[in-house]
Amino acid sequence: MAIYIVRRLIAGFFVVLGASFIVYILVANAGDPLTSSYGITDPVARAQRISSLTASLNLDVNPVFRYFLWLKGVAGCFVGQCDFGYSITTNQPVTGDLAGRILITLKLVLAATILAVMIGIAIGIITALRQYSGFDYTITFFTFLFFSLPLFFVAVLLKEFVAIQFNDFITKGAHIPWWFIWTAALVVGLTVYSLTRGQLNRRLLFGGGAAVLVGGILYYMSVTQWLLDPGLGPIVIAILGLGIAIGITELTAGVRNKKALRTALTTAAVGLVLWYPLQFVFYQGMTIWILLGLLVLAIAVGIGIGYLWGGDDPGVSARTGAITALLMSAVIFLDRTMQAWGPYTANEAIRGRPIKTIGDSQAGLDGDFWIQTVDVFTHLLLPTLALILISLASYTRYTRASMLEVLNQDYIRTARAKGLTERTVVMRHAFRNAMIPLATIVAFDIGGLLGGAVITETVFQWDAMGRLFQSGLVNNDPNPVMAFFLVVAIVAVLFNILADLLYAALDPRIRVGSL
Amino acid sequence: MTAPGAPDLQHVAGGTAVPEPPDVPNRADETSFEQKETVGLSQAQIVRRRFFRHRGAMISLIVLIFVLLLSVTSIGIGPIKGWWQWTPYDRPVPQNPRGEPTLSLPFFGGTGFAIGDHPMGQDETGRDLFAAIMRGVQNTMVVIIILALLSTTLGVVIGAVSGYFGGWWDAALMRFTDTIIIIPVILIAAVAGYAIGASGVLPVAIVLGLFLWTGLARLVRAEFLALREREFVDAARVAGASSRRIIFKHILPNSVGVVVVNTTLLMGAGILIEVGLSFLGFGIRPPDISLGSLISQYTGALTTRPWLFIWPGVFIIIIVLCIQFIGDGLRDAFDPRQKRIPKQKDLKEAVSSPSEATP
């Protein structure tokens with residue numbers, strides 16, 4: 001195993017080295033860095049600029065040798081002195097803000113990828129379980145449709161029809177139009193109807209009930225102008241907590257497992273009780289670290305409650321408690337963030353138009369932690385939406401195909417034959433095995449995340465990794481392009497190796513040494 | 001692979017909450033139903049029949065052929081003139097104010113059905129958008145066909161050699177593939193555009209084709225690794241067949257499914273890559289017209305002249321969507337594990353014995 005990893009790392013090192021050489025030569029031939037300097041009218045200034053650029057970029061050296069000069073600077077990273085060279089557009093060392101740029105890009109793509117993976121897997125499983133149903137065909141059509149959209153096309157449409165329209169809607173008092181309420185109720189009703197199994201009246205009852213529920217909630221939101229100053233409050237949190245507790249128990253252990261059900265309900269109740277005191281904690285100087293600490297604490301409490309209830313299989317109860325605690329924390333966090341929405345919209349820098357179409361943060365916005373959190377969300381909303389729509393298709397299709405293949409295996413029939421519940425068959429036997437190929441695909445995709453953000457950053461005008469690359473190419477500025485390439489290539493190669501190791505770890509039939 | 005699993009599939013389709021014991025008579029019915037459809041047919045015939053039965057793929061194929069014929073006949077190819085009155089290079093005087101589309105449909109804000117002289121509108125210079133889009137469709141098709149030919153050839157040869165010979169060849173070719181995979185396509189397009197002035201249709205197509213074969217090479221290699229251990233390959237080798245003959249006559253036909261499906265999907269992805277390159281300012285640029293160059297040229301026009309942005313987008317979506325569905329149909333058709341679940345109605349008609357009725 002160790003020998004295999006070392007061998008892969010060495011191979012990866014040489015692949016990056018070879019590719020960086022090719023890319024360096026390509027970039028050296030992609031444009032003359034002195035192009036903009038030729039336009040300087042004053043001959044003295046022009047000669048000065050040209051000679052200073054030639055000296056700092058070593059332009060008098062042949063590109064092949066120049067590569068080794070560049071490599072020497074980069075190799076300094078091993079001793080803590082990175083030198084990616086100067087950027088001629090900013091006249092600064094590229095190394096300076098590289099880490100900050102990587103973080104901004106991660107902020108942009110990470111949320112979208114995690115959400116797309118989770119939603120995609122959920123939809124994929126449901127379409128696999130309802131293969132060739134109306135729901136399956138509809139979802140297939142829409143995921144294919146979203147996949148066929150060019151990213152910037154979606155982005156431009158979202159900016160125009162979601163952001164600007166929503167901001168107008170907020171300014172006009174947040175009265176939800178009737179056509180929206182009817183459409184939403186109809187869509188939800190039809191979805192629930194087609195997913196329910198059983199007699200016609202049962203399906204009609206469930207579908208109709210869901211439609212009435214959604215329509216009612218939307219009507220209430222419209223009448224109370226809820227979107228102007230949203231919030232959940234203890235009653236809604238209690239209802240949500242009950243739903244989460246029962247839903248999670250049904251997925252992890254089945255509601256017949258009384259110990260797990262009690263664990264989930266206790267955890268939800270603890271969350272509800274803590275909601276009020278937590279408001280004071282949230283009011284004092286919050287930071288992202290305190291928030292993460294509270295989250296870890298909540299999960300630990302959930303696990304603890306699970307072990308306290310114990311039972312034959314305390315592990316299952318602990319897992320149920322942990323997931324319930326995670327979701328309850330998310331609900332409480334959401335509630336507090338919603339409370340900051342009103343002040344955020346009223347803030348002088350926002351002027352009542354909260355959804356942002358460009359940039360990664362609002363300049364000149366002062367406010368506490370929660371205002372800043374809302375600001376991050378309003379800027380992330382459109383890029384995340386666009387990225388999710390586009391990448392949903394592949395995860396849905398992969399999950400569906402993988403799930404169908406597993407469901408056709410003999411051991412699934414055996415599991416059903418020995419009388420296990422459908423929940424156990426799907427969640428324990430089928431789902432876990434279907435996720436093995438998917439884990440490698442996700443690892444592979446995360447490796448390509450940094451490099452895939454070029455178009456997203458350009459269209460939403462985020463100044464991060466992709467922008468570094470694109471403006472470097474346009475302005476014939478070689479060093480930023482090389483820095484982008486090196487970071488992206490190393491991450492991609494590392495995650496490639498990780499994907500292979502993950503596959504071997506999850507599937508005992510794969511022996512790593514024999515690869 | 002036909003008999004096992006058939007009742008399970010039915011459970012899946014029915015989604016019954018209560019597990020049922022395997023129903024032996026029912027399984028026999030389904031198996032015979034499945035076998036009756038394929039008896040006496042060659043592999044190619046089975047694949048063809050399955051593909052033709054895939055409704056989404058067939059509709060997509062018809063739509064795609066219609067779009068292609070429309071683009072070729074309307075403005076013609078090269079010197080041959082088509083039936084449409086404008087070419088992408090004419091600059092007629094705008095007919096409506098600001099060149100709004102003359103297309104009018106009832107229920108879509110129009111008073112009656114009318115196509116008019118400029119159904120999709122004109123841009124600020126008066127260019128007929130329909131003619132420009134048709135030229136864009138032609139050029140985009142040229143790009144993806146060249147891209148498909150080049151990348152399939154490269155991917156198959158590299159993957160086949162790597163998987164069949166193994167050892168040193170495999171290591172060298174796969175490290176080469178890894179190297180190509182991590183070089184960004186945008187960079188290649190930018191270098192090609194600057195160094196050899198490649199902003200036309202052919203150069204961009206060739207550059208994309210030379211760098212997008214990596215995924216296929218890996219898949220073909222995996223297929224070859226599995227197939228070269230099979231008995232029929234040993235038999236061919238014992239009979240004295242050369243390596244070239246074994247690769248091209250014995251193994252490659254068995255992996256044709258993987259190649260065809262992935263080439264199709266690559267063509268769809270190729271269009272989106274070309275569009276993305278145009279948006280970033282690389283790839284095909286005016287005066288050469290592609291769907292990507294049109295839509296990125298008119299990105300800023302969404303608020304003032306929305307039709308300029310929407311119509312090219314609609315054609316991109318139609319073409320990529322059709323290719324996706326065709327690829328999906330091909331995948332189903334080539335997959336030997338793929339079974340059509342007979343409808344309860346068909347089953348009842350096919351067998352005289354009453355079969356279990358699940359709602």
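Biologist: Happy to look at this with you! Among contacts in chain B between residues at least 6 apart in sequence, what percentage join residues at least 24 apart?

Modeller: Glad to help, and please keep in mind that this is a predicted model. Chain B has 15 helices and zero strands. Among its contacts between residues at least 6 apart in sequence, the share that joins residues at least 24 apart is 68%.

Biologist: Thanks! Which residues is B:Val47 in contact with, leaving aside its neighbours within four places in sequence?

Modeller: B:Val47 lies in helix 3 of chain B, residues 43–53. In space, B:Val47 is 8.7 Å from B:Asp332, C-alpha to C-alpha, although 285 residues separate the two in sequence. Leaving aside neighbours within four places in sequence, the contacts of B:Val47 are B:Ala333 and B:Phe334.

Biologist: Is B:Val47 buried or exposed?

Modeller: The count to look at is that of other C-beta atoms within 10 Å, which is 20 for B:Val47. A residue needs 20 or more of them to be called buried. Because B:Val47 has 20, its class is buried.

Biologist: Lovely. Staying in chain B, which residues of helix 6 make the contact with helix 5?

Modeller: The axes of helix 5 (residues 129–165) and helix 6 (residues 167–181) of chain B come within 7 Å and cross at roughly 145°, and the crossing is left-handed. From helix 5 of chain B, the contact uses B:Ile158, B:Val161, B:Ser162 and B:Phe165. By class, the contact has six nonpolar, three polar and one charged residues. On the side of helix 6 of chain B, the residues are B:Gly167, B:Trp169, B:Asp170, B:Leu173, B:Met174 and B:Thr177.

Biologist: Now for the two chains together: which element gives the largest share of the side of chain A that touches chain B?

Modeller: The contact takes 47 residues from chain A and 42 from chain B. On the chain A side, they divide into 30 nonpolar, ten polar and seven charged. Elements giving two or more residues to that side include helix 7 (151–171) and helix 20 (478–506) of chain A. The largest share, seven residues, comes from helix 1 of chain A.

Biologist: How far apart are the end C-alpha atoms of helix 1 of chain A?

Modeller: Helix 1 of chain A has 27 residues, so at 1.5 Å a residue it should span 39 Å. Its buried residues include A:Gly12, A:Val15 and A:Tyr24. The distance between the end C-alpha atoms agrees with the expected span, at 39 Å.

Biologist: And where is the kink in helix 7 of chain A centred?

Modeller: With 21 residues at 1.5 Å each, helix 7 of chain A should span 30 Å, and its end C-alpha atoms are 29 Å apart, which agrees. The helix nevertheless has a kink of about 35°. The residue at its centre is A:Leu158.

Biologist: Which helices of chain B help cover the buried residues of helix 7 of chain A?

Modeller: The buried residues of helix 7 of chain A are A:Leu151, A:Phe152, A:Phe153, A:Ala155, A:Val156, A:Leu158 and A:Ala163. Their cover includes helix 15 (369–407) and helix 18 of chain A. From chain B, it includes helix 12 (256–280), helix 13 (291–297) and helix 14 (306–334).

Biologist: One last thing: what percentage of chain A is buried?

Modeller: Chain A has 20 helices and two strands, and its C-alpha atoms fill a box of roughly 85 × 65 × 45 Å along the principal axes. Of its 515 residues, the buried ones make up 37%.

Conventions: Residues are numbered from 1 along each chain as its sequence is written. Chains are lettered from A and ligands numbered from 1 in the order in which they are written. This is a predicted model: local features need pLDDT of at least 70, side-chain atom pairs count only at pLDDT 80 or more; totals for chains, interfaces and linings use all residues. Axes are lines fitted to C-alpha atoms, for helices over the stretch in contact, and angles run from 0 to 180 degrees between N-to-C directions. Helices (H or I, at least four residues) and strands (E, at least two) are DSSP runs, numbered from the N terminus. A crossing is left-handed if the near helix is turned anticlockwise from the far one by less than a right angle, and right-handed if clockwise. Two residues are in contact if their C-beta atoms, placed from the backbone, lie within 7 Å. Ala, Val, Leu, Ile, Met, Phe, Trp, Tyr, Cys and Pro count as nonpolar, Asp, Glu, Lys and Arg as charged, and the others, Gly among them, as polar. The expected span of a helix is 1.5 Å times one less than its number of residues. The bend at a residue is the angle between axes fitted to the seven residues ending there and the seven starting there. A residue is buried if 20 or more other C-beta atoms lie within 10 Å of its own, exposed if 12 or fewer, and partly exposed in between; C-beta atoms are placed from the backbone.
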